Every structure is written in C-alpha cells, then in structure tokens.
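Please open the model in your viewer and keep the selection tool at hand, since each stop on this tour asks you to pick something out and then tells you what is there.

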Amino acid sequence: MAVKILIINHALYLAKELASFLTKVGYETDTCVTGKDAQIMMYNKKYFAIVLDLAVQDHPGPQVLKFVRQIHTSVKVILTIPAEQNLQDYNLEKNLLEKQGVFDVFIGTPSFKDLQIAIEGHRDFGDIIKNESGVGVSEETEANLHDERFVQISIDEFISVRAVQFDVFVKLLSGKYIKILHSGDTFDKERVEKYKNEKKVEHLYFLKEDRTKFVRLQNFVAEKAIVNKKVSAKSKVNLVKGLSEIYIDAVYEEGLKPLIIEQGKAICDNIYDIVHKKNDLHKLLREYSSFSNSLSTHSYLVTFFASMIIRQFEWDSKTTNETLGMAALLHDIGCTKLAEDIREMSPFKMNEEQLNRYKLHCQDGVDILNACPSISQMVKQIVLQHHERINGEGFPCGLKYERILELAQVVGLADEFVRHMVDNQIRPPDALKKMLLDQNCLKRYNGFIIERFLKVFTDPDGQLNRSLNIKV
Ligand SMILES: [Fe+2]
Ligand SMILES: [Fe+2]
C-alpha cells in the first residue's frame, strides 16, 4: 500500500509538479490550494505526511498546523516558508515549530529531492524497503570527487538489504572512486563480495550528505540483528558503534536537525535493546579493545557504558535510557566550539590555559542544545553537570552530593572510565581496576553508583567478579 502524502500549496502548479515527482518515486499524492480543503481532506483520508506551504490562504498555514496538532497528531508536517520574515507575519517562532508538530522546515524553495529526503527521513525503513520496486543494478561509474566528500565504512559492516538508498563507492589504489551501487539499485551482494575477495577491498564509501540515510538504514538493520540469535553480541555492538560514530560526526558537522534527533533516539533504543538482551556482554567487555581517540568514538563508548550502568538500577526503563542515551551521545557537543588542536585531546594532557577553555564545553553544549526544542531539560541538565563530582572538585559549578543529578553522575562515571580505557589503551576490566585503586576517584561518585558499575562486569554467576578479585 502506497504511502499517502498531501501537498498543500497556494500555487497549484507547484503542488502538481511536486505530486508528479513523488508519485514517480512511489507515493500516493493528493493536492489542494487552501487550508480549508486540506482540513477536509485530512478528515476523509489518513495521510502519512503533509507538505504545507505556510503562505496558503482560506484557513492560513498556522490554522492548519493547529488543526493537525489537535486532531491528527501522527501526521508528519513538512513546512515550507517563502522567507524567514513570514514567520513574524504569523507570530511564529522558528524554535517553537517543533512543538507545534512540525518535523522539518524549509525556508525558501526546497528541491523536490530535499522534500523526498525529509519525508523518507521520518518513515520506517522496513516500509521503504517493502515498497521498493527494485530497478536492477546500474553500471559502475567513475566519480571525480575528493576524499573529504566521503565517509568510510568497513566492508564487513555493510549488511545486505533489498535495496540501497544511497550511492556506494569503492576506492581504487590510484585514489579514484568508483560508484558500484547507485541509489535505488537492488542490492548486489555478488558485486560487493567480488570487491572484497578478488580485489581485497576493505572499505566502502558513501557521500557525507547521505549520512542520515546510512544511519537510518543501519538503525533498521541493527533493530533486526539485535533480535536475531544467530548474530553475535560482538557484531551487534560493532554495528551500533559504527552507526553511532557516523551519527555523532553528522551531528557535530551538520547540527541538530529534527530528523537527526529522531535518529539519535533510535540509536539509544537499539543500545538499550543490546544491553538488555542476555547475551553475555560481560564476556565481550573483557576483550573489548575497539577504540580510538576521536570524539565520536568517545561519545559512543560513554553512551554504551552509561547504558550498561543504568541497566543495574531499579528505575531503569526505555524512557530513562533514551534521556540518558541522548545526553551521553551529546554530552561533549560543546567541544565542537573548541579549537581543533585541543578538541580531541585528553583533558589529562592539557595545560592550564587549555583546561580552562575546555571547562567551558559543558555550558557551550547547553547553549547549542537550547536551539533544539525537542531536547528535554533533563538532557540539557545532564550535559551541563557531567563533569560535576560529589566532593565538589568538578566543574563548571563545583556542585556537591545530591545537587548533582544521578543520571549526570552516571554519564560522568562512564566518561571518566572511557578516558582511562582509551588514554591508556587498556581493556575495560583493567580500566575498572585502575579506577578502583584510585581512592580519589572513589570519592568523586556516590557509592551506590560505583556499586552498580561493578555489577556491569559481573556475569550471572559472579565468575568474572571472582577472577578480577573485586570486592563489591
Ligand atoms: Fe565532557
Ligand atoms: Fe566526554
């Protein structure tokens, strides 16, 4: 069943042109030129999304928005605004549009392709794949593009799906890129295998502008893989690690758009599901050594370990995990305001001046998040407090004890633990031992949080606990 889209635009020819484009790519479309007609049509038919021109007349755009918010809350609204000035004309604030049910906003005239991406960004990937007609496989073509345009992924992380939604490239020894799969192609596993086995290609590439499509695909694949008992815990963790890192790079470079925030929540859900499957994760953690100094790897590891810690609490739930997960994924977003030479430097290695600048990243992070209405106050508070410590030696405010949110302490503990692990290139159990042997470290966190943290490394029978000789 085709996905239904309603296009409301004061210019009928524009509505018709967009409808024709969306119909060609598989959608069922309706058009109208007034807000009043739009409301009647929404009464009579269930639409997946509406593309609403704010300048529409006879029940103006804001009235249609109000109608959607009150009656059809599940409809995804993609709003097009001729110019930013029009928002003032209607007493609307850009930052508050999300709260009014708007999923994406385009100021000026977006391309049809941009609108398609916005619609698909909010669709369930399984639905897209089910409806994909599969148009075969295109020829390989050479792409004359520079390295900085591409994102690299391991060829083993590229899991087969029925169709690819973005162009996929390989890089030849000469440095040239060859497009081996075109967006819309049916997935050609043989072609990918041939490059892997015969040409010894280890990586595939896609364009940076396709990062959100990649994250959406991998979130979908991860969701399926997590419930598949044949897929190892290691593969699941690596899959989510790879997609989280690309996600965090996209956030840092492109900012937090509504679509990107939604994808972050899907990542947190996937991490929650991995952590909650009884899949011997603690065994994997003994050997875990897949880390680098990059901010994106750091943010993923903090999210992963914070989720592992929170699992040990009675108040653990999917909702708490999403708050914690989003805060952990974004906890160092303020570091994007740091000069490049110290952005990925460990604070343990900074001089005083660098350290003072680094300490501003908590408030800088909150300032960035304040521009996103769908980020909760709780997430912002955790980001602000993730370096506060109960003995008052933390920053930015030197808060003590119960004045620090417990979730902020969990992110803080995971953050410090990951720093130990990555800075010293040691495995999780060794980083844990190092922390526990440091008396000052133990004074920085509530005992019950440390206790739960220890349980993360305990297998159901307590075998690992005994072998590490850790007293809980
Ligand atoms: Fe931080
Ligand atoms: Fe951090």
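The tour goes from the domains to salt bridges, and then to single residues in strands, helices and loops.

This is a predicted model, in which local features need pLDDT of at least 70 and side-chain atom pairs count only at pLDDT 80 or more, while totals for chains, interfaces and linings use all residues. Residues are numbered from 1 along each chain as its sequence is written, chains are lettered from A and ligands numbered from 1 in the order in which they are written, and side-chain values use heavy atoms, with hydrogens and water left out.

**Stop one: the domains**

Colour the chain by its domain assignment, which gives domain 1 (4–123), domain 2 (141–209) and domain 3 (227–468); such bounds come from an automatic or database domain assignment. Now show domain 2 and domain 3, whose C-alpha centres lie 31 Å apart. Six residues from domain 2 and six residues from domain 3 take part in the contact, where contact means heavy atoms within 4.5 Å.

The size of an interface is often given as the accessible area lost when the parts come together. For domain 2 and domain 3 the buried area is about 380 Å², 64% of it on carbon and sulfur atoms; buried area is the accessible area (1.4 Å probe) that two parts lose on being put together, summed over both.

**Stop two: across the interface**

Side chains of opposite charge can pair when their charged atoms come close. A salt bridge is counted when a side-chain nitrogen of Lys or Arg is within 4 Å of a carboxyl oxygen of Asp or Glu. How many salt bridges does the rule find across the interface of domain 2 and domain 3? The rule finds one there. Select Lys208 and Glu253 as well, and you will see their side chains meet in a salt bridge at 3.7 Å, N to O.

**Stop three: salt bridges elsewhere**

By this rule the count comes to 18 salt bridges. Select Asp30 and Lys45, whose side chains meet in a salt bridge of 2.7 Å, N to O. Asp30 is in strand β2 (residues 28–32) and Lys45 in the loop between α2 (35–44) and β3 (49–53), 15 residues apart, so that the pair links distant parts of the chain; helices (H or I, at least four residues) and strands (E, at least two) are DSSP runs, numbered from the N terminus. Asp30 counts as buried at 18% relative accessibility, whereas Lys45 is partly exposed at 29%; buried means under 20% relative accessible area, exposed over 50%, and partly exposed in between (1.4 Å probe, protein chains only).

Next select Arg149 and Glu209, which form a salt bridge at 3.3 Å, N to O. Arg149 lies in the loop between β6 (141–143) and β7 (150–154) and Glu209 in the loop between β10 (203–207) and α8, so the pair ties together parts that are 60 residues apart in sequence. Arg149 is partly exposed, with a relative accessible area of 33%, and Glu209 is partly exposed at 49%.

Then pick Glu254 and Arg211, a salt bridge whose closest N and O atoms are 3.1 Å apart. Because Glu254 lies in helix α9 (residues 233–254) and Arg211 in helix α8, this pair ties together parts that are 43 residues apart in sequence. Is Arg211 buried or exposed? At 3% relative accessibility, Arg211 counts as buried, while Glu254 counts as partly exposed at 30%.

Finally, select Arg389, Glu393, Glu416, Asp438 and Arg444 together, since a network of salt bridges links these residues.

**Stop four: a helix and a strand**

Phe220 has its place in helix α8 (residues 211–226) and is buried, with a relative accessible area of 15%. Add Ala266, which is 46 residues from Phe220 along the chain, and the two C-alpha atoms are separated by 8.9 Å.

Move on to Thr80 in strand β4 (residues 76–81), which counts as buried at 11% relative accessibility. Leaving aside residues up to four places away in sequence, Thr80 touches Val51, Leu52, Asp53, Leu54, Phe106, Pro110 and Leu115.

**Stop five: loops and backbone angles**

Select Asn91 in the loop between α4 (85–89) and β5 (102–107), where phi is near 60°, a positive value in a residue other than glycine. Asn91 is exposed, with a relative accessible area of 75%.

The last selection is Phe395 and Pro396, joined by a cis peptide bond with omega of about 10°. Pro396 lies in the loop between α17 (377–385) and α18 (406–423).
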